[in-house]
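Please open the structure in a viewer and keep a selection tool at hand. The stops below are intended to be followed in order.

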Amino acid sequence: MPRVKVARKSTAIDMTAMCDVAFLLLTFFILSAKPKTEDPVKAEVPASIAKEAIPETDYLIITVGGGKAFFTIEGDDVRRETIKAMADQYKIPFTPAQINTFVHTESFGVPLSTLPQFLSLNPAERIAYKQPGIPVDTTENNDLWKWVNQARKANALLHNKDPRVAIKGDSREEYPTIKKIIMTLQKQHVDKFSLITSLKTVSK
Amino acid sequence: MAELDTSGGGKKGGGKVRSKKASTRVDLTAMVDLAFLLITFFILTTTLQKPKAMDLVMPDKDEKTNQQLPVAASRTLTLLLGSNNKLEWYLGETGKTAPTVDNYGKNGLRKLLFEKSKEVLQATGKDMFVIIKPSDKANYNNVVTAMDELNIVGNQSRAIVDITPQEIELLKRDGLY
């Protein structure tokens, strides 16, 4: 009986299609990527059933955690305009290098008085620096009030739109801290704002 | 490298020496490896889900324009948010009815809101008005939960208002402050 010969097949697989798919996905992810920004403070947001996402542009976020407030301005152009307006308004001389650093800093939490020093630190030192948070109190002219005010003006000037203000609070944060921030916003007639929450499913 | 030599044994003997035809195939394995590595990196570094936001509208604090509409006390439910994730509620005016201690959650606050809004609707024919009064001992999560429960129940008439000393006394009496 003749031995049946098994045809030897090539073990090479055509990788072309796989390669195409891989690069297609890669292109998609690169184009849609928006790097994750590390919050300077850990804020575990409470859950709610709200499904509305915060807008892509024109928003300000006040992050609250551990009794400290941090401020995020969306958009490089708005940040640049805001810091310039702050420098003009409150007579703080910023060097062009400091302004550039500010434009590339997503969120910050230092008082206005120490901001120039903070911006002069090198990147590694800035990460290591323990930010004390933006001072908030119940008076008319606290630092957060100034920032929100100027950022709103800058945003209105550049994009012709009042930005949406969002509060990202840690769920264990005590209410008085949040109340101070809400009061600061209400002082400049921001009566409608968003609370950032994570999605919760309704348990019936 | 990725291809095994599966051709039979070499030809023996003479014959014309032909120039070897170079294969036009390029080994793509390494390229695919790299592509997937990059994909993985980008998937992990992007924020896939945008954060969700709950809208909050506060009553205007402006003292000059006093255009508050009076709401009948009979259809006003007041929630006092105390410490230890507990709350107190009462229907009507402060001090007239004794507050009841309740918890957040579907058998606590949600059930209460469902029942009371139905009762108020039957009695007055109007929607119930809910006033949330967080005390200094309440945390942010409590406020959001209370607002969220109102969203779930579908109540749109609500407001967050400062707590009065009288109400703090009520919370203190029940050990929630």
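Select Asn84(B), which lies in the loop between β2 (76-81) and β3 (86-91) of chain B. The model is predicted, and in it the phi of Asn84(B) is near 55°, a positive value in a residue other than glycine. Is Asn84(B) buried or exposed? Asn84(B) counts as exposed, because 12 C-beta neighbours lie inside 10 Å.

Move next to Asn85(B), which is also found in the loop between β2 and β3 of chain B. Asn85(B) is not a glycine, yet its phi is positive, at about 55°. With 16 C-beta neighbours inside 10 Å, Asn85(B) counts as partly exposed.

**Chain B as a whole**

Now colour chain B by secondary structure. Four helices and six strands should appear, and from the N terminus on their order is α-β-β-β-β-α-β-α-β-α. Chain B has 177 residues, of which 27% count as buried. Consider the contacts in chain B between residues at least 6 apart in sequence: 67% of them join residues at least 24 apart.

**The helix pair α2(B) and α3(B)**

Select helix α2 (residues 109-124) of chain B together with α3(B); their axes are 10 Å apart and the angle of packing is about 45°. An angle that is neither under 35 nor over 145 degrees, and not from 65 to 115, counts as oblique, and α2(B) and α3(B) are therefore oblique to each other. The crossing in which α2(B) passes α3(B) is right-handed.

Display the side chains at this contact. From α2(B) come Leu109(B), Arg110(B), Leu113(B), Phe114(B) and Ser117(B), which meet Ala146(B), Glu149(B), Leu150(B), Ile152(B) and Val153(B) in α3(B). By type, the residues of the contact of α2(B) with α3(B) comprise seven nonpolar, one polar and two charged.

Centre the view on Leu150(B), located in helix α3 (residues 140-153) of chain B. Leu150(B) is buried, because 21 other C-beta atoms lie within 10 Å and the threshold for burial is 20 or more. Which residues does Leu150(B) contact, leaving aside its neighbours within four places in sequence? They are Leu113(B), Val130(B), Asn155(B) and Arg158(B). For a distance check, pick Asp102(B): this residue and Leu150(B) are 48 residues apart along the chain, and their C-alpha atoms are separated by 15 Å.

**From chain B to chain A**

Select Asp55(B), in strand β1 (residues 52-57) of chain B. Asp55(B) counts as partly exposed, with 14 C-beta neighbours inside 10 Å. Not counting residues up to four places away in sequence, Asp55(B) touches Lys192(A) and Ser194(A). A second distance check uses Lys111(B), which is 56 residues from Asp55(B) in sequence and 23 Å from Asp55(B) in space, C-alpha to C-alpha.

Widen the selection to the contact between the chains, which takes 50 residues from chain A and 41 residues from chain B. On the side of chain A that touches chain B, the elements giving two or more residues are α1 (16-32), β5 (164-169), α7 and β6 (192-199) of chain A. Which of them gives the most? It is α1(A), with 10 residues. Colouring this side of chain A by residue type should show 27 nonpolar, 12 polar and 11 charged residues.

**The helix pair α6(A) and α7(A)**

In chain A, select helix α6 (residues 143-159) and helix α7 (residues 175-187), whose axes come within 10 Å and cross at roughly 45°. Accordingly, α6(A) and α7(A) are oblique to each other. In this crossing α6(A) passes α7(A) in the right-handed sense. The contact is made by Leu144(A), Trp145(A) and Val148(A) of α6(A), and by Ile181(A), Thr184(A), Leu185(A) and Lys187(A) of α7(A). Five of the residues in this contact are nonpolar, one is polar and one is charged.

**The nonpolar core**

In soluble globular proteins, nonpolar side chains tend to be buried together. As a last stop, highlight the largest nonpolar core, with its 65 residues. Those that touch the most other members are Ala69(A), Phe71(A), Leu144(A), Ile181(A), Leu79(B) and Val143(B). End on Ala69(A): not counting residues up to four places away in sequence, Ala69(A) touches Ile62(A), Val64(A), Gly109(A), Gly133(A), Ile134(A), Val136(A), Leu144(A) and Ile181(A).

How values were computed
Residues numbered from 1 in each chain as written. Chains lettered and ligands numbered in written order. Predicted model: local features only at pLDDT ≥ 70, side-chain atom pairs only at ≥ 80, totals over all residues. Axes fitted to C-alpha atoms, helices over the stretch in contact; angles between N-to-C directions. Left-handed = near helix turned anticlockwise from the far one by under 90°. Contact = placed C-beta atoms within 7 Å. Nonpolar A, V, L, I, M, F, W, Y, C, P; charged D, E, K, R; others polar. Core = buried A, V, L, I, M, F, W, Y, C linked by C-beta atoms within 7 Å.
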